[in-house]
Amino acid sequence: MNYHEIIRVSWKSITSNKSRSLLTMLGVIIGVAAVIVMISVSAGTEATIAESIQGLGSNLVFIRSAMTRGGPGQPNQGGLKFDDVAAIRSSIDGINGVAVEQQSSETVKYGNVSLESITIVGSTPDYADVRDLEIDTGRMFNDQEQDRASKVVVLGASIAQELFGNADPIGETITVGTTKLAVIGVMKEKGLVSGTDFDELIYTPISVVFKKFTPSMFARFMGDNVRMIYVSVEDEASMDEVISQIELLLAKRHGVTLDSADFTIETQDDIIATRASTTSSFRTLLAWVAGVSLIVGGIGIMNIMLVSVTERTREIGLRQAIGATPKDIQIQFLSEAMMLSLMGGLLGVLVGVGGSILFGKLSGMRTVIMAYSIFISFGSAAAVGIFFGYFPANKAAQLDPIIALRHD
């Protein structure tokens, strides 16, 4: 029997009972589609996370405080100090800027407009460059204003619109809590990045936040400790070398060893890799769950093929009587199982790709269709057809032709 004849007979057998064939393929279709959808959702989540972290700034190094709490009435021991910012800026080569932030929440007023619970970000002049923010009008506060705790403020785009509408806010004075601040700039729209809406923030020198917007009890408890320092590394500089310089500098300043450092350092790539490993594990779990559908579909194929062998016993005997070998019979039934699984796999790919696109549009979640998920799922469908089709095909090949011809 040639291959053309095998395919023709297999197609005829499958299409002779379309409903049964479609139901048999359903498990494979669902399994293949589920694998593609699950991987596309996971890949979309990873891409969103990566973009949000990259949106925080370019080539960022995050230095986090690991200070230890002192006893009753004692200040915190160790950790990052505000003076570390100036030390890093002046001592480390290969950086664009260094920034730190201290946040507070206050009511902001201008004229008859009052906005409650607005986040104030106290930082350093490098903050805009380090966090990849751009000034739309006006300017950022400078080192002199930072050192003198000048009462100046830069508004986020949305805050400026809510307070001033289409009027120019530069030179105007707003009231933040009970403190009057002069508006010297407005940021360009940045939007929501990593859970933070930068357009809903206002920015002022960190010295102003320490003096005016930090409760006295909290200030005494914290001292000049800061939680995090952001360092922007130059594109041409070596990230590892810059990190090594920072580690040695801070360890020397704090009087600690690198093994017992009171700070930790991460890069954007480190954070992305950590979150990606979490989503990767979740994706693997979902893929295995979806793979169960493929196994169920394979069992369905095996079941139907066993029924087909029983129904076509006399046909098998006739073929053997006119010269078909056991191998010919085996190949014939194996090809039918393969055709069922491959057709189911093809339909599953179409459903999976379409489902991923539809899910992304309806749910608002980003989906990224990965080419490898199509090949893996389709290849798995083919493997399922071979694995679960072998037993029925082998059973058909082993039928005694005399007994098969006597079968009603």
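Hi everyone, let me start with one residue: Met339 touches Ile7, Ser10, Trp11 and Ile14, leaving aside residues up to four places away in sequence. Before I go on, please keep in mind that this is a predicted model.

So where does Met339 sit? It is found in helix α12. Its relative accessible area is 16%, and because buried means under 20%, Met339 counts as buried. One of its contacts, Ile7, is 332 residues away along the chain, yet the C-alpha atoms of the two are separated by 8.6 Å.

Let's stay with α12 and turn to the nonpolar cores. The largest nonpolar core has 23 residues, and Val32 and Phe333 are the ones with the most contacts inside it. Which helices supply at least two residues each? Those include α2 (18–54), α10 (268–311), α12 and α13. Of these, α12 gives the most to this core, with six residues. As a general reminder, nonpolar side chains tend to be buried together in soluble globular proteins.

What does Val32 touch? Again not counting residues up to four places away in sequence, Val32 touches Leu294, Gly345, Gly348, Val349, Ser377 and Ala381. Apart from this core lies another one, of 22 residues, with Ala87, Val242, Ile246 and Ile265 among them.

Now to the surface. Leu22, Leu346, Leu347, Leu350 and Phe378 make a nonpolar surface patch of about 450 Å². Here α12, which spans residues 326–363, turns up again: the largest share of the patch, three residues, comes from this helix. Phe378, on the other hand, lies in helix α13, residues 371–397. Is Phe378 exposed or partly exposed? Its relative accessibility is 33%, so Phe378 counts as partly exposed.

My last stop is a helix from another part of the chain, α6, residues 157–164. Which of its residues are buried? They are Ala157, Ile159, Ala160, Leu163 and Phe164. These residues cover an arc of only 165° around the axis, and therefore they are on the same side of α6. And what do they pack against? The list is all strands: β3 (95–110), β4 (113–123), β6 (152–155), β7 (173–176), β8 (179–187) and β11 (201–205). One backbone detail for those of you who like torsions: just after α6, Gly165 takes a positive phi of about 65°.

That's my tour, thanks for listening, and I'm happy to go back to any of these residues on the screen.

How values were computed: Residues are numbered from 1 along each chain as its sequence is written. This is a predicted model: local features need pLDDT of at least 70, side-chain atom pairs count only at pLDDT 80 or more; totals for chains, interfaces and linings use all residues. Side-chain values use heavy atoms; hydrogens and water are left out. Buried means under 20% relative accessible area, exposed over 50%, partly exposed in between (1.4 Å probe, protein chains only). Helices (H or I, at least four residues) and strands (E, at least two) are DSSP runs, numbered from the N terminus. The arc is that of the directions from the helix axis to the C-beta atoms. Contact means heavy atoms within 4.5 Å. Patches are made of residues with over 30% relative accessible area and no salt bridge: like charges are joined within 9 Å, nonpolar side chains (Val, Leu, Ile, Met, Phe, Trp, Tyr) within 5 Å. Accessible areas come from the Shrake-Rupley method with a 1.4 Å probe; for residues, only the protein chains shown count as cover. A salt bridge is a side-chain nitrogen of Lys or Arg within 4 Å of a carboxyl oxygen of Asp or Glu. A nonpolar core is a set of buried Ala, Val, Leu, Ile, Met, Phe, Trp, Tyr and Cys residues joined through side-chain atoms within 4.5 Å.
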